[in-house]
Amino acid sequence: MVDALLGLTFEAFRAFSQEVIGRTDRFHGALYRQLMRDGVFDPSASAIAPELPAQAIARLLEQAPRIVLPAVVQEQRSAEDGTATHKFLLRLEDGLEVETVVIPMRGGRHFTVCVSSQVGCRMGCSFCHTARMGLLRNLLPHEMVGQVIRVSQASALPVRNVVFMGMGEPLDNAEAVAQAIQVLSDRRGLAVASRHITVSTVGRVEVLARWRELGFGAVNLAVSLGAADDALRSQLMPINRSANLETLKRTLQAMPLAGSRRILLSYIVIPGINDSPQQVQNLVGYVAGLPVMVNLIPYNPIPSRSWRAPSGRELEQVRIALHRQGVPVRLRVTKGRAVMAACGQLGDPQRARQPRPA
Ligand code: SF4
């Protein structure tokens with residue numbers, strides 16, 4: 001039996017389709033396009049149906065596994081800046097749930113899908129709501145591809161970018177994420193350009209060292225820093241206890257980056273925790289010699305912490321301090337905070353523990 005259809009690269013799909021119907025690449029390509037763009041596999045309803053003998057259609061339908069797209073359990077919208085951020089709660093085949101967010105970019109001219117790579121997460125970052133769930137399981141490639149298809153169908157919005165910044169640490173499930181990326185970026189299917197795909201990590205150095213070998217060579221890399229001194233970073237992000245800042249920096253310096261691309265270094269600004277002049281100076285020192293763009297992200301409040309979100313003025317102070325010292329920096333506008341759809345707010349630890357029907 002072939003694997004779940006939505007997780008198949010074109011080559012794997014062609015091998016299956018060829019075995020069942022023989023025929024030329026034109027048929028396999030048309031069937032793959034229908035599969036990925038419409039999220040259905042129904043050769044009798046495809047553009048090439050008139051040319052396919054009824055027996056071939058019957059064989060394909062008999063031998064193809066059924067497609068199960070995640071079901072939309074809930075959709076919430078938040079429209080802070082006039083264009084809505086959509087947060088979807090999606091139910092997987094085994095009844096577990098993930099959240100996927102569709103974020104408007106450039107005033108709603110195009111949209112980014114923020115994909116989850118795991119149900120929960122085991123990285124334990126202290127500013128993140130998902131961390132409270134722990135790790136329930138890794139997602140399979142077809143479940144990540146299925147998120148993109150499902151939310152773009154449900155929202156009817158033009159999706160251009162895909163970011164692996166939802167629930168989970170993508171490099172904790174690296175092979176499956178790499179396969180999902182291969183599927184998403186195949187021009188015969190969904191055709192999301194590799195330069196429009198970003199994988200975000202807390203800095204799993206042993207996986208970053210195999211970045212290209214694993215198949216991530218053409219996509220963008222975002223690394224979450226949290227703090228540029230080891231004591232504070234270890235408090236905020238437990239990963240720092242096994243791979244400290246120096247190890248991370250050495251790894252990033254050796255990264256094979258596509259073209260002139262830079263690493264996006266995410267710095268979550270938490271007032272009174274990591275925004276002091278000294279902490280900002282630490283960051284200036286840390287990024288020296290690294291091909292990065294610092295992405296300042298305002299901390300988004302979560303129920304388990306008493307920290308507050310930074311004001312616009314506090315964020316601007318950090319941005320200006322970095323900019324004046326020659327650090328490439330940009331400020332990310334928070335979207336979706338009203339419906340807990342912003343960075344670090346995904347997941348529901350209570351709901352994750354409740355049994356529910358598949
Ligand atoms: S920030 Fe990312 S890696 Fe850290 S706990 Fe949350 S989901 Fe996991």
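Reader: How do you know that β10 and β11 pair, and in which sense?

Author: Two strands pair if DSSP finds at least two bridges between them. β10 and β11 have 7 bridges, in the parallel sense, so by that cut-off they count as paired. One of the partnerships is S266 with N295 in β11. Bear in mind that this is a predicted model, where local features need pLDDT of at least 70, side-chain atom pairs count only at pLDDT 80 or more, and totals for chains, interfaces and linings use all residues. Residues are numbered from 1 along each chain as its sequence is written, and side-chain values use heavy atoms, with hydrogens and water left out.

Reader: What makes β10 a strand, and what about α9 as a helix?

Author: Both are DSSP runs numbered from the N terminus: a strand is E over at least two residues, a helix H or I over at least four. β10 covers residues 263-269 and α9 covers 277-287, so each fits its definition.

Reader: Why is β10 said to be largely enclosed?

Author: Buried means under 20% relative accessible area (exposed is over 50%, partly exposed in between, with a 1.4 Å probe and protein chains only). In β10, 7 of the 7 residues are buried, so the rest of the structure largely encloses this strand. I263, L265, Y267 and V269 point one way, L264, S266 and I268 the other.

Reader: What makes β10, α9 and β11 a right-handed unit?

Author: Point the strands away from you: if the path from the first strand over the helix to the second runs clockwise, the crossover is right-handed. This β-α-β unit is right-handed. Helix α9 also packs on the sheet, touching β10 and β11, where contact means heavy atoms within 4.5 Å. The direction of α9 makes about 170° with that of β10; axes are lines fitted to C-alpha atoms, for helices over the stretch in contact, and angles run from 0 to 180 degrees between N-to-C directions.

Reader: How do you know that α1 spans what is expected?

Author: The expected span is 1.5 Å times one less than the number of residues. Helix α1 has 12 residues and reaches 16 Å from its first C-alpha to its last, close to the 16 Å expected.

Reader: Which residues of α1 are buried, and why are they placed on the same side?

Author: They are F10, F13, F16, S17, V20 and I21. They cover an arc of only 130° around the axis, which puts them on the same side of α1; the arc is that of the directions from the helix axis to the C-beta atoms. Their cover includes α2 and α3.
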